[in-house]
Amino acid sequence: MTDYIATANPGFAPYAMEELRRRFPGVKLSGLAPGETFKLSSGDIPGEELIASLRKDEPVFLRHLFPADEEAGLTADPEETAGTMIRFAKGLAAKLAGSTVAVQVRKSPDSPFPFSSAEGRDAIVPALRELGAEPVARDSKRILSVYAAKKSLYLGLSAPRDNLSDWPGGAVRFRREEGLISRAAFKLLEAERTFGLPLGGFVNALDLGAAPGGWTSVLLERGVKVTAVDPAEMHPSLEGHPRLRHIRRNAAELSFAPGSFDLLVCDMSWDPHHTCRIVSELAPALSAGASGIVTLKLMYRKPLQTIDDLVGEYAKAFEILRVKQLFHNREEVTLWVKRKP
Ligand SMILES: C[S@@+](CC[C@H](N)C(=O)[O-])C[C@H]1O[C@@H](n2cnc3c(N)ncnc32)[C@H](O)[C@@H]1O
């Protein structure tokens, strides 16, 4: 049995837990930070098997996890806490020597942990150097994770790919705050990275519900030609862009010549079933094998049921490649589909 510390977007841990229970009936789950972080004990399933299964077919709501190799008592005493973390690192000397390692420290709001994340990292880094490891911020061979809960400190060492995300707690950050048309742009950037779908590889995109133009601007930056559909105005900075056509109409009223686009993106803040109808009716405008990235608003009480229903509806015109709640998704998930031939 292996224990893990698992994280979902705020408020969505109950759904991440439900997905895990359905897939692995023997697992044990208990909340640590309400709605967001929980402990997962793999029960009879060997940890490696659980991780391999999760990596192969990622659940929608589980954003991140790391193995809790050690659970230690926690007080507010800085020296004692630093000592616990350093002792844990020293116990892994053989694995750490000669390896790049990222230290990721997080805490629950009710934890007495006496450090900020950065201070917690700084408390371990000198010991890692002494052990012959190379502490780095990103792209490391290993991740040393620390999660401080109310009473316990959980510590683990893992390969980044086994955490589902190599960002602390799966909180993906982009350094593009300046000049960004809308924060919505982060959703498309995260989808590109998470799904391994370089947007610059597309030629003609249809952006439904495009205003004010965050997603459109990302696509234009990647060199894609964009047809943006939205009755609302686009950001003035996009006006007159040579590769942008803005159609100020309701997407439900439009049709295009067959095979016009190799990418459809859709971020309409609307009932997800209506959105599905609009996207499916526009499917013939996509070339065979074209990709679609669509946000599905979770406006009903049973998100897992809503997702199942929508996947069934989208599957009529599309092959479903992924459904994932990205870090930048709020009350929604992101769907990646492919137009059926
Ligand atoms: C969340 S915003 C989209 C943000 C955009 N992705 C960005 O990055 O800036 C939702 C947009 O969907 C548009 N919308 C809603 N229903 C629509 C419809 N039936 N046809 C076209 N646009 C629609 C709204 O006018 C609104 O501008």
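Visitor: Which residues line the largest cavity?
Guide: Keep in mind that this is a predicted model. The search turns up 1 cavity of 30 Å³ or more, and the space in the largest cavity comes to about 40 Å³. Its lining is made of Ala102, Gln104, Ala137, Arg138, Asp139, Ser140, Ile143, Pro160 and Asp166.

Visitor: How many nonpolar, polar and charged residues are in that lining?
Guide: Ala102 and Ile143 are among the lining residues, and both Ala and Ile count as nonpolar. Arg138 and Asp139 line the cavity too, and Arg and Asp count as charged. Sorted by class, the lining has 4 nonpolar, 2 polar and 3 charged residues.

Visitor: Which side chain of opposite charge is nearest to Asp207?
Guide: Let's place Asp207 first: it sits in strand β10, residues 204–208. Its contacts farther along the chain include Trp215, Val226 and Val265. Asp207 is buried and has no salt bridge. The nearest side chain of opposite charge is 10 Å away, and it belongs to Lys187.

Visitor: Which residue forms a salt bridge with Lys187, and is Lys187 buried or exposed?
Guide: Buried means a relative accessible area under 20%, and Lys187 has 10%, so Lys187 is buried. Asp267 is buried as well, at 14%. Lys187 lies in helix α6 and Asp267 in the loop between β13 and α8, so 80 residues separate the two. The N to O distance in their salt bridge is 2.9 Å, and the partner of Lys187 is Asp267.

Visitor: Which residues are linked with Lys187 in a network of salt bridges?
Guide: The whole structure has 15 salt bridges, one of them being the pair Lys187 and Asp267. The network holds that pair along with further residues. Linked with Lys187 are Asp267, Lys297 and Glu332.

Visitor: How far apart in sequence are the parts that Lys39 and Glu71 tie together?
Guide: Lys39 and Glu71 form a salt bridge, with the closest N and O atoms 3.2 Å apart. Lys39 is in strand β3 and Glu71 in strand β5, so the parts they tie together are apart in sequence by 32 residues.

Visitor: Is Glu18 buried or partly exposed?
Guide: Glu18 pairs with Arg22 in a salt bridge, with closest N and O atoms 3.1 Å apart. Both lie in helix α1, 4 residues apart, or about one turn of the helix. Arg22 is exposed, at 53%. Partly exposed falls between 20% and 50%, and Glu18 has 26%, so Glu18 is partly exposed.

Note on methods
Residues numbered from 1 in each chain as written. Predicted model: local features only at pLDDT ≥ 70, side-chain atom pairs only at ≥ 80, totals over all residues. Heavy atoms only, no water. 1 Å grid on protein atoms, 1.4 Å probe; cavity = no way out; pocket = protein on both sides within 12 Å on 5 of 7 lines; lining within 4 Å. Points joined across faces, edges and corners; volume = space filled by probe spheres on them. Buried < 20%, exposed > 50% of the residue type's maximum accessible area, 1.4 Å probe, protein only. Lys, Arg positive; Asp, Glu negative; His and termini not counted. Salt bridge = Lys/Arg side-chain N within 4 Å of Asp/Glu carboxyl O. Contact = heavy atoms within 4.5 Å. Lists of a residue's contacts leave out its neighbours within four places in sequence.
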